[in-house]
Amino acid sequence: MTAQASAAPETAAPPAAGEQKKLWGGRFTGKTDPLMEKFNESLPFDKRMWAEDIRGSQAYAKALAKAGVLTEEEAATIVDGLSKVAGEWQAGAFEIKSGDEDIHTANERRLSELIGSTGGKLHTGRSRNDQVATDTRLWLYGQLQLIRAALRELIAAAADRAEAEVDVLMPGFTHLQPAQTVRWGHWLLSHAASWQRDDMRLRDLMPRVGTLPLGSGALAGNPFGVDRRFLSQELGFEGRVCPNSMDAVSDRDFVAEFLFASSLHLVHLSRWAEDLIIYSSGQFKFVQCSDAYATGSSLMPQKKNPDALELIRGKGGKMIGNLTGMMAVIKGTPTTYNKDFQESWELMFDTVDTTYDCVRIATGVLSTLRINPDKMLAGLSGDMLATDLAEYLVRKGVPFRETHHISGAAVKLAEDRGCELSALTVADLQGIHPLFAEDVVEVWDFNRSAEMRDTEGGASKRSVLEQVQKLRAYLADSC
Ligand code: ARG
């Protein structure tokens with residue numbers, strides 16, 4: 001194939017009198033099937049990116065002037081015209097016309113209506129391929145900031161409660177079986193730790209989203225020497241530019257990565273929600289959701305259901321579906337731009353909205369939740385101190401493997417007698433091992449059990465408060 005054989009795909013044809021000509025319509029003679037028209041259009045959803053499309057175009061007009069393709073006056077006319085188009089969107093006055101295929105064609109069509117033929121110079125050297133990638137990155141970059149701000153409020157709410165309620169003890173579970181004594185604040189911070197990782201992931205992702213594809217043209221690059229570094233600075237991407245024009249129009253990793261980071265966050269939120277659903281059940285009664293986040297039953301008057309938490313848990317499933325959908329859209333597409341990619345915007349919009357809503361609802365649930373410290377305390381049982389009993393003998397020099405068996409024998413004795421482990425007498429214990437002494441009764445203390453775990457990250461009050469401080473330091477530092 002010769003170089004001449006590849007026709008320019010997107011030359012703007014002047015609109016014929018009385019009819020709305022397509023921007024790419026020059027080489028077409030036949031009409032588009034109305035069903036195809038609808039099937040092809042993305043404006044119903046990508047109009048959400050109108051502001052970014054205009055910002056990108058204003059920067060591009062300036063870059064064209066810098067490259068000597070437009071005069072300063074022409075660029076100023078385009079920038080002003082685009083501000084007017086933005087004003088119409090802002091006021092809800094933008095009129096969508098048939099043939100407005102997507103946000104790019106709609107804005108350009110309106111610009112030319114407002115400023116005349118100079119509008120037709122804006123798209124010089126640009127393709128919707130580098131344009132759509134630029135708009136999407138700009139849009140998602142802004143949304144990441146909003147989502148992170150909301151996520152950080154959730155983390156701060158967990159830190160505040162953990163500090164205020166640091167004295168509240170509760171049973172910690174493994175396999176959902178009572179395991180050891182922890183603090184309510186320790187549990188809160190266990191989830192905040194996963195949310196902190198989620199925030200770090202979004203932070204790490206930001207520069208990869210905020211990298212500029214514009215100036216890549218349809219695939220081969222820009223023939224007018226536009227300054228891509230200037231464009232990147234102008235659009236807030238700090239000089240980062242996509243390194244290869246073919247990859248720039250092809251790459252949707254940033255969407256997939258965001259969908260993964262959000263899905264994992266929702267997976268974390270679903271586990272947190274599940275804990276609280278269990279803790280708020282009639283069998284536990286550790287916590288109660290405030291009326292603001294619960295609903296009743298249409299049949300059973302006594303019911304108060306933790307719907308907000310169940311919805312968060314369910315939406316996590318939907319997010320995984322969006323991620324899977326996105327991966328499947330990208331998979332197997334040949335290099336550079338393919339229309340398949342248009343399918344990614346709705347997945348992205350839905351994921352942004354769902355993530356943002358879930359985070360804010362979670363913050364509401366968390367900060368209004370009522371806790372019942374007495375029920376938590378009542379959930380602690382003597383056998384949860386069996387490890388502490390083994391550790392008592394460790395401190396007297398008995399190897400842990402042996403003390404594990406010795407403590408197990410004590411548990412068995414209590415079970416056979418039908419009493420609590422802590423109800424065994426010193427004499428009973430001495431019958432199992434001679435190194436048990438009078439001070440063994442100190443082991444039967446749940447607070448002491450938590451306090452013994454005083455290493456970094458542990459359940460002691462000091463350690464939990466230290467975790468609060470570290471989390472706050474992270475929040476203060478890493479905007
Ligand atoms: N609406 C399209 C999208 O979302 C814009 C890019 C169209 N490019 C093209 N060569 N047809 O992907």
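## A tour from a C-terminal loop to the ligand shell

S422 lies in the loop that links α15 to α16 (426-432). Welcome to a predicted model, in which a chain of 479 residues is divided into domain 1 (29-124), domain 2 (130-165 + 181-217 + 243-378) and domain 3 (382-477). The points below start at S422 and then turn to the overall form, the cores, the ligand and two backbone details.

**Around S422 and helix α14**

- S422 counts as partly exposed because it has 16 C-beta neighbours inside 10 Å, under the 20 that a buried residue needs and over the 12 that would still be exposed.
- Setting aside residues up to four places away in sequence, S422 touches G382, L385 and W444.
- One of these partners, L385, also belongs to a nonpolar core of 11 residues, with L389, Y392 and L429 among the other members.
- Two of those names return in helix α14 (residues 386-394), where D388, L389, A390, Y392 and L393 are buried.
- The buried residues of α14 pack against two other helices, α15 (400-417) and α17 (446-452).
- How far is S422 from D135, 287 residues away along the chain? Their C-alpha atoms are separated by 66 Å.

**Overall form**

- The chain has 18 helices and four strands.
- Its C-alpha atoms fill a box of roughly 105 × 55 × 40 Å along the principal axes.
- The radius of gyration is 31 Å, whereas a compact globule of 479 residues would have one near 23 Å.
- Between the centres of domain 1 and domain 3, taken over C-alpha atoms, there are 69 Å.
- Of the residues in the chain, 37% count as buried.
- Among contacts with a separation of 6 or more, 73% join residues 24 or more positions apart.

**The largest core**

- The largest nonpolar core has 93 residues, and A158 and A362 have the most contacts inside it.
- Helix α6 provides the largest share of this core, 14 residues.
- Beyond its neighbours within four places in sequence, A362 is in contact with L154, L269 and I312.

**The ligand shell**

- Which residues surround the ligand? They are S42, D46, D102, R128, N129, V132, Y337, K339, F341 and Q342.
- By class, this shell has four charged, three polar and three nonpolar residues.
- Domain 1 (29-124) and domain 2 (130-165 + 181-217 + 243-378) each supply at least three residues of the shell.
- Helix α6 (residues 128-164) appears here too, with the largest share of the shell, three residues.

**Two positive phi values**

- Most residues other than glycine have a negative phi, which makes a pair of loop positions worth a look.
- L176 has a phi near 60°, a positive value in a residue that is not glycine.
- This leucine is found in the loop between β1 (169-174) and β2 (177-183).
- L176 counts as exposed because it has 8 C-beta neighbours inside 10 Å, and the limit for exposed is 12 or fewer.
- K285, also not a glycine, has a positive phi of about 55°.
- The loop that holds K285 runs between α10 (253-279) and β3 (287-288).
- With 15 C-beta neighbours inside 10 Å, K285 counts as partly exposed.

How values were computed
Residues numbered from 1 in each chain as written. Predicted model: local features only at pLDDT ≥ 70, side-chain atom pairs only at ≥ 80, totals over all residues. Near = placed C-beta within 6 Å. Nonpolar A, V, L, I, M, F, W, Y, C, P; charged D, E, K, R; others polar. Domains from an automatic or database assignment. Core = buried A, V, L, I, M, F, W, Y, C linked by C-beta atoms within 7 Å. Contact = placed C-beta atoms within 7 Å. Rg over C-alpha atoms; globule rule 2.2 N^0.38 Å.
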